[in-house]
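Visitor: Could you take me slowly through one place where two helices meet, and then show me what surrounds such a place in the rest of the model? I am new to this structure, so please take your time.

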Amino acid sequence: MPEMLGRSLAPGVERGLAVAERLSREVAIMGNRLATLLERSPVVRDGGLEQGHSFLTAMFRSAVTGASLVDAEERPDRPGDAEPHPIDQLADGLALTRMDLDLVVLAGMAEEHEGYASILRSLNPRGEPHATTGLAAQVGCENPRDRIALRRTLETGSAARSGIIVLTGDAPFFEKNILLADGLWAVLCGLDSYPASLRPLQFAAASSGLDQWLASSGLDAARRAIEVGAPCVMVVAGDTETVALHRAAALVSACGRRWAAFEIGPATVSGASRLGLVHAAARGAVPIFKLLGSDASSAPLPEFESCPGLVIVCARRGAIEVGGRLPVITVDVAALTASARERMWCDTLPELAQHASTLASRYALEPSAAADVTTDLRARPKVNGSAHDLALVAECVRVRSNVPLAAGVRMVRPAASWEQLVLPADRKALLVEALNRLIHQGTVLDRWRFLDGRAGARGVRLLLSGPPGTGKTLSAEVMANSLGVDLMVVDISRVVSKWIGETEKHLAQVFDAAERAQAVLLFDEADALFGKRTEVSDAHDRYANLETAYLLSRLERFEGLTILSTNLKQNIDPAFLRRVEFAIEFDEPAAAERRALWRCHLPPEAPLAADVDLDELAGLYPIVGGLIRNASVAAGFLAAAADTAIGQRHLVGAIRREYEKSAKAFPGTPVGIVPV
C-alpha cells in the first residue's frame, strides 16, 4: 500500500519537494537573522527565550546569512529553476522588491513551523504568534534611515498596496502585527488552495468554434495586452457574465497564458478583488473577475490600482461603469455565426458531425455550454448499443438550459407532431418555411451575406391569427418540437403591470430567459400586449406607448423564434405587423379537415361502436379543432361510465354540450340518434 501511494504521488512529489526546498531556503535565511538577533540581545535571552534561541540556532546555523531588509530595492534574484517558483511568480506579478519579499517570508514564518510560531508569540508584545513591525526593524535595520525605509515599505510598498501583507492591531506602528494575505502561504508552499473568502471558478476553457473570433482584428489590442501583461483593465462584456467569463478564459488560453477566475459581487468588490489579484499572481496567472450584476442599472468598475499588470473583468453588457486610473481595453463578445457553431459542434461532438448544421441552427450555444452538453450526452448509456441521436442532444440542452423563469412565464415541453396538426396544405407550408428561416441561416446569412450586420437578422417572428380552437397554440408546440427546444408561453396578464416601468422590466426578463433557455417564445392572446398605440391624452397613454416602443425594439433584437397568437388581428399595432416575417390566418376547418380532426382525437386504442360515422359528424357540426378535442374526451368518459364502447350518441351528446358552452344554436341530432 505505501508503495502504491508513493507511485500515485510520484508525478507531483518531485515538484512539491522543489517548491518546499526553495521556500525553506528563504525561511532559513530569515530564521538565521532571528537567531542572530536573539544571540546579541541579552534582554531577549533574559526574557526566558533560551529554548527558542536553541531551536533557531540548531536549525539555521548552516543557513547562508542574507542581506538586511533594507539593503536594496531591486527585484529579488531568481534561481535557475525550470519552472518559476510561486514566490517568484508573486514577485513578478506584483512588482515586489527584495524588501517586500523578505517581509512576506517574515510574516509567514509562523505558518511554516510551530517552533517559529512559539518564538514569535514570545517576542510579540500581545503574545500573538505574529511578527511585528518592530521585530522586522530589529532584524533588518541598522540605523534610523533603515527604519524610515522599512516604514515606507510597510505602508506604501508594493506588498502593502496589493494586500500581500497587512498591518493589524490597535497599537503604535512598531507594535503592529504583520500578517499575510489570507491563504497565501499555502500557495507559496506549492498547494493549489484558496481561502474561504474567495470564490474561485474552476472550469476548462473551451475554444471550439472560436477561431474566427479569436483571430478578428478587433481583438488585436486585447491579445497584445495579454501576451505582454500590460498594466490595464480589460472589460469583457457579453449578454451574460458567464458568456463573457468563458470567452475571456478562451482568449487568455489562446495567448498562451494561464488564468485564475474569481466571482465577485458589488458588496464584496474591494476585499475580494485585492485577494484575488494576490492569489492569481502567486500562480503566475492572469486574474479574471466575473462581476455579478446588481439591482442597479450599472455597477462601478472595481479598483485595481495596486495591480501593476493586466486584470480582466467580465460583466453583462451595459452593466458596468468604466473608470479608474489604469488604461481600459473593452472587448465585446459577439454571438457566434452559424458557420462557427457548425464547426464547434463538429469538434465537440464528432460522432454527430453529420448533424452539425442542424445543431448549429437549433441551438445558439457558446462553446463552453456545448462542451457541457457533450459531457452529459456521453455520460448517458446507449440504448441497445445504438449511437446517440438528436433527441438525446435536445434533452441534454434542456437540462443545461434550465434557467429561473420570470413571472408570468410557463415552460412547456413540446410533444405534438406534424401528424396531429390538421391544417390546409398552404398553411402548413408557411409554418415549414418559417422553420427553414432558422435552419438555413448558415447558408443565407453567413455564406450569401444577406442582411449582413443587421441586428436581429437571425430572429424569426410569426403572427398566428384566427378564431379560438383553430390550432394556433398547437402549431407553436409542433414548431418547438421540430426544433428540439422547449416552448416558453407568456401569461400576458402577469407580465403587464400598472406600475410605471415594471412591464418593461418583466418583458426584459422574459426575453432574457428565452435566450438563455434556447426556447421558442409564444405570446398567447398577443393583442392585449401588442395593441395599437393611442394618441397621448394623459400620462397613462404616454407610458403605455413607451411600453409598446420598448417591445418593438426588444422583439427586433431577439434572435430566436417568436410566435404571436391572437383572435383579433385587427387590434395589433401596424408597427408589429411590419416586423413579422409571417402572418398566417387560421380559418375554421372545412368538412374534410373536421373529419381528420375527429380521427386524430379518437385514439386507436379507444373502442368505437359500429354506428360511429365520422363523415356525418364532420358534415353536420361545423366546429373547430379545440371543440372536437373536448367532445372526443367527453364522449370517452360518457362511454366509460356506461361501460360500453364509444357510440354515435356519446359523441353527439358531447358535441351538444360544447355548443351550449359556446352559447351557439345546436344544429340538431342525426336521424335515429338519441344523444346522451
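Guide: Helices α26 and α28 are oblique to each other, because their angle of about 40 degrees is neither under 35 degrees, which would count as roughly parallel, nor within the 65 to 115 degrees of a roughly perpendicular pair. Please keep in mind that this is a predicted model. Helix α26 covers residues 591-601 and helix α28 covers residues 625-642, and where they pack their axes are 9 Å apart. The crossing of these two helices is right-handed. On the side of α26 the contact is made by R594, L597, W598 and H601, and these meet G625, I628, R629, A631 and S632 of α28.

From this helix pair we can turn to a sheet. Six strands form an open sheet with mixed pairing, in the order β11-β13-β14-β15-β12-β16. Its edges are β11 (409-412) and β16 (582-585), each of which pairs on one side only, and neighbouring strands are turned against each other by 20 degrees on average, if direction is ignored. Inside the sheet, β14 (residues 520-523) runs parallel to β15 (residues 561-566) and is joined to it by three bridges, with F523 standing opposite L564 of β15. Across β12 (460-465), β15 and β16 lies helix α19, residues 425-439, which runs at about 160 degrees to β16.

Another pair of strands leads us towards the interior. Strand β4, residues 232-238, pairs with β10 in the parallel sense over five bridges, and the bridge partner of M234 in β10 is I329. In a regular strand the side chains alternate between the two faces of the sheet. Strand β10 (residues 328-332) shows this alternation, with I329 and V331 buried on one face, while V328, T330 and D332 point to the other face and are not buried. Both I329 and V331 are in contact with M234, which, leaving aside its neighbours within four places in sequence, also touches residues including A222, L251, L310 and I312.

M234 belongs to the largest nonpolar core, which has 74 residues, and is listed with I312, W345 and L462 as having the most contacts inside it. Helix α13, residues 241-254, gives the largest share of this core, seven residues. Apart from it lies another core, of 61 residues, among them L90, L96, M99 and A315.

Definitions and conventions: Residues are numbered from 1 along each chain as its sequence is written. This is a predicted model: local features need pLDDT of at least 70, side-chain atom pairs count only at pLDDT 80 or more; totals for chains, interfaces and linings use all residues. Side-chain values use heavy atoms; hydrogens and water are left out. Two strands pair if DSSP finds at least two bridges between them. Helices (H or I, at least four residues) and strands (E, at least two) are DSSP runs, numbered from the N terminus. Axes are lines fitted to C-alpha atoms, for helices over the stretch in contact, and angles run from 0 to 180 degrees between N-to-C directions. Contact means heavy atoms within 4.5 Å. A nonpolar core is a set of buried Ala, Val, Leu, Ile, Met, Phe, Trp, Tyr and Cys residues joined through side-chain atoms within 4.5 Å. Buried means under 20% relative accessible area, exposed over 50%, partly exposed in between (1.4 Å probe, protein chains only). Angles under 35 degrees count as roughly parallel, over 145 as roughly antiparallel, 65 to 115 as roughly perpendicular and the rest as oblique. A crossing is left-handed if the near helix is turned anticlockwise from the far one by less than a right angle, and right-handed if clockwise.
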